[in-house]
Amino acid sequence: MAEKTDVNAKWDACLDLSVRRFVYSSLAGAFGGLLLFRTPVTRWASIAFGAGVGIGSAYTDCSQIFDGSTAKLVPPKTTSSAPEELQPPNTLSTPASQDGQD
């Protein structure tokens with residue numbers, strides 16, 4: 001029974017987070033569109049962009065709530081010596097003048 005309550009609490013938190021992020025980012029897009037754009041089409045586009053940012057942000061946080069893991073990128077491991085591809089090639093000793101003038 002405790003597991004079902006935990007899932008219900010997660011869904012409640014996720015729904016609350018999604019609605020708040022959607023509304024706040026849509027309002028921010030509307031305010032930004034009102035200040036920056038003149039035509040209604042671009043204002044609606046800024047509202048849609050803000051709503052999309054809010055939904056995407058809520059989706060990311062809800063997936064963290066349910067899975068308990070993050071999807072952060074891990075930087076590659078560095079080694080103490082450079083790989084052989086990046087080291088300069090060995091040059092063979094060549095004579096100083098190759099044009100035949102000695």
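## A walk along two helices

Start by selecting R20 and D16: these two form a salt bridge, with their closest N and O atoms 3.2 Å apart. Both residues sit in helix α1, four residues apart, which is about one turn of the helix. R20 is partly exposed at 39% relative accessibility, and D16 is partly exposed too, at 40%. Keep in mind as you look around that this is a predicted model.

Now zoom out to the whole chain. The secondary structure comes to two helices and zero strands. Of the protein's 102 residues, 12% count as buried. Take the contacts between residues at least 6 apart in sequence: 68% of them join residues at least 24 apart.

**More salt bridges.** How many salt bridges does a search of the whole structure find? It turns up three, and you have already met the one between R20 and D16. Next, select K10 and D6, whose closest N and O atoms are 3.9 Å apart in another salt bridge. K10 and D6 are four residues apart in helix α1, so about one helical turn separates them. K10 is partly exposed, with a relative accessible area of 23%, and D6 is partly exposed at 40%.

Then move to R21 and D61, where the side chains meet in a salt bridge at 2.7 Å, N to O. This pair links distant parts of the chain, with R21 in helix α1 and D61 in helix α2, 40 residues apart. Colour by accessibility and R21 comes out partly exposed at 28%, with D61 partly exposed at 22%.

**The disulfide.** Select C14 and C62 and show their side chains. They form a disulfide, with the sulfur atoms 1.9 Å apart, and a search of the whole structure finds one such link. Which parts of the chain does the pair tie together? C14 lies in helix α1 (residues 2–36) and C62 in helix α2 (residues 40–67), so the link joins parts that are 48 residues apart in sequence. Turn the view to look at the S-S bond: the angle about it is 120°, and the link is right-handed. Are the two cysteines buried or exposed? C14 is buried, with a relative accessible area of 8%, and C62 is buried as well, at 6%.

**Along α2.** Stay on this helix and select S46, G50, A51, G54, A58 and C62, which are buried. Click on S46 by itself: its relative accessible area is 13%, and, leaving aside residues up to four places away in sequence, S46 touches G29, G33 and F37. Now hop over to S26, which is found in helix α1. S26 is buried at 13% relative accessible area, and, with the same sequence neighbours left aside, S26 touches I47, G50 and A51.

Want to try the ruler? At 1.5 Å a residue, the 28 residues of α2 should span 40 Å, and the end C-alpha atoms are 40 Å apart, which agrees. Just after α2, stop at G68, which takes a positive phi of about 80°.

**Last stop: the surface.** Switch on the surface and select L15, V19, F22, V23, Y24, L27 and I55, which make a nonpolar patch of about 690 Å². Helix α1 gives the largest share of this patch, six residues. I55 has its place in helix α2 and is partly exposed at 48% relative accessibility. Over the protein as a whole, about 9000 Å² is exposed, and carbon and sulfur atoms supply 63% of that.

Methods:
Residues numbered from 1 in each chain as written. Predicted model: local features only at pLDDT ≥ 70, side-chain atom pairs only at ≥ 80, totals over all residues. Heavy atoms only, no water. Disulfide = S-S within 2.5 Å. Buried < 20%, exposed > 50% of the residue type's maximum accessible area, 1.4 Å probe, protein only. Contact = heavy atoms within 4.5 Å. Expected span 1.5 Å × (residues − 1). Areas by Shrake-Rupley, 256 points an atom, 1.4 Å probe, with all protein chains shown as cover. Patch = residues over 30% accessible without salt bridge, like charges linked within 9 Å, V, L, I, M, F, W, Y side chains within 5 Å. Salt bridge = Lys/Arg side-chain N within 4 Å of Asp/Glu carboxyl O.
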